[in-house]
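Thank you all for coming. I would like to take you through one model this morning, going from a strand to its sheet and then on to a pocket, so please have the structure open as I talk.

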Amino acid sequence: MCTQVIFDFVTPRNALLFALFLILSSCGVVNEQRVPQQATRTAAQESHVLDALNQAHNNWRGTPYVLGGAGMGGVDCSSFTQIVFKDYFGIELPRNTRQQLQEGTSVRRNYTRPGDLVFFKTGRNMLHVGIIMKGDRFLHASVSSGVMISNIGQRYWATKYLGTRRIL
């Protein structure tokens with residue numbers, strides 16, 4: 001008797017509605033601002049990352065921005081982050097900013113930590129990338145001043161902020 005009731009309930013219309021329900025309940029918008037799974041880091045690890053970033057800053061400070069540049073004579077933003085991650089952390093990153101934006105895990109701005117990549121939309125089709133130091137400070141190859149440390153809280157950067165990705 002029970003099976004007869006179930007079969008009477010399963011009409012083509014009900015089956016279609018049930019299938020639609022399953023599809024919609026399993027789909028959703030990927031939240032690009034999710035908190036990463038690896039949310040903690042030991043004090044020693046944090047110190048190591050900050051030391052490496054400070055060393056990178058000391059070694060590269062003032063190196064002029066050159067579009068397509070990849071050395072001490074001139075470097076662009078994505079090449080700089082690629083070099084820092086390879087030389088100081090042993091991690092290979094793609095060469096361009098758009099590809100780097102696909103790496104790692106998305107992180108909310110208020111959950112950033114040293115070593116996170118921070119991205120900005122600086123023009124209609126232009127992106128910029130830097131590396132979070134501590135707090136709102138980030139290391140990057142600036143078009144105006146070469147390799148330097150800036151603050152995300154500064155009006156210019158705050159209005160251009162696009163997202164953060166965790167690699168380390």
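Let me start with strand β6, where five of the six residues are buried, so that the strand is largely enclosed by the rest of the structure. Buried here means under 20% relative accessible area. I should say at once that this is a predicted model, and that the values I quote are computed from it.

What does β6 pair with? On one side there is β5, which pairs with β6 in the antiparallel sense over two bridges, and in that pairing isoleucine 131 stands opposite leucine 139 of β6. The hairpin made by β5 and β6 has four residues between the strands, and within this hairpin glycine 135 takes a positive phi near 65°. Then there is β7, which runs antiparallel to β6 and is joined to it by six bridges. These two strands, β6 and β7, also form a hairpin, with three residues between them. If you want to follow the register by eye, phenylalanine 138 stands opposite serine 150 in β7, and arginine 137 stands opposite asparagine 151 in β7.

Stepping back to the sheet as a whole, we have an open sheet of six strands in the order β3-β8-β4-β5-β6-β7, with antiparallel pairing. Its edge strands are β3, residues 105-107, and β7, residues 146-151, each of which pairs on one side only. From one strand to the next the twist averages 35°. Further along the order, β4 and β8, the latter covering residues 161-166, run antiparallel and are joined by four bridges, with valine 118 standing opposite threonine 164 in β8.

What lies across these strands? Helix α4 lies across β4, β5, β6 and β7, and runs at about 30° to β5. For orientation, the chain has six helices and eight strands, and from the N terminus on the elements run α-α-α-β-β-α-α-β-β-β-β-β-α-β. Of the 168 residues, 36% count as buried, and among contacts with a separation of 6 or more, residues 24 or more positions apart account for 56%.

One residue that illustrates such long separations is alanine 56, which is found in helix α3, residues 43-60. At 0% relative accessibility, alanine 56 counts as buried. Leaving aside residues up to four places away in sequence, alanine 56 touches Arg61, Val84, Tyr88 and Leu139; Leu139 is the leucine of β6 that we met opposite isoleucine 131. Alanine 56 and valine 147 are 91 residues apart in sequence, yet their C-alpha atoms are 9.6 Å apart in space.

Now to the pocket. The largest pocket has a volume of about 380 Å³. It is lined by 19 residues, and those that lie nearest its centre are Tyr65, Thr122, Met126, Leu127 and His128. Which elements supply the lining? At least two residues each come from α4 (77-89), α5 (97-100), β5 (126-132), β6 (137-142) and α6 (155-160), while the largest share, three residues, comes from β5. By class, the lining has eight nonpolar, nine polar and two charged residues.

I would like to finish with one of the residues nearest the pocket centre, threonine 122, which is found in strand β4, residues 117-123. Is threonine 122 buried or partly exposed? Its relative accessible area is 23%, so threonine 122 is partly exposed, given that the cut-off for buried is under 20%. Not counting residues up to four places away in sequence, threonine 122 touches Leu127, His128, Tyr156, Trp157 and Lys160. Of these contacts, Leu127 and His128 are themselves among the residues nearest the centre of the pocket. Tyrosine 156 is 34 residues away from threonine 122 along the chain, and the C-alpha atoms of the two are separated by 9.2 Å.

That brings me to the end, and I am happy to go back to any of these views.

Terms used:
Residues numbered from 1 in each chain as written. Predicted model: local features only at pLDDT ≥ 70, side-chain atom pairs only at ≥ 80, totals over all residues. Heavy atoms only, no water. 1 Å grid on protein atoms, 1.4 Å probe; cavity = no way out; pocket = protein on both sides within 12 Å on 5 of 7 lines; lining within 4 Å. Points joined across faces, edges and corners; volume = space filled by probe spheres on them. Nonpolar A, V, L, I, M, F, W, Y, C, P; charged D, E, K, R; others polar. Buried < 20%, exposed > 50% of the residue type's maximum accessible area, 1.4 Å probe, protein only. Contact = heavy atoms within 4.5 Å. Pairing = 2+ DSSP bridges. Axes fitted to C-alpha atoms, helices over the stretch in contact; angles between N-to-C directions.
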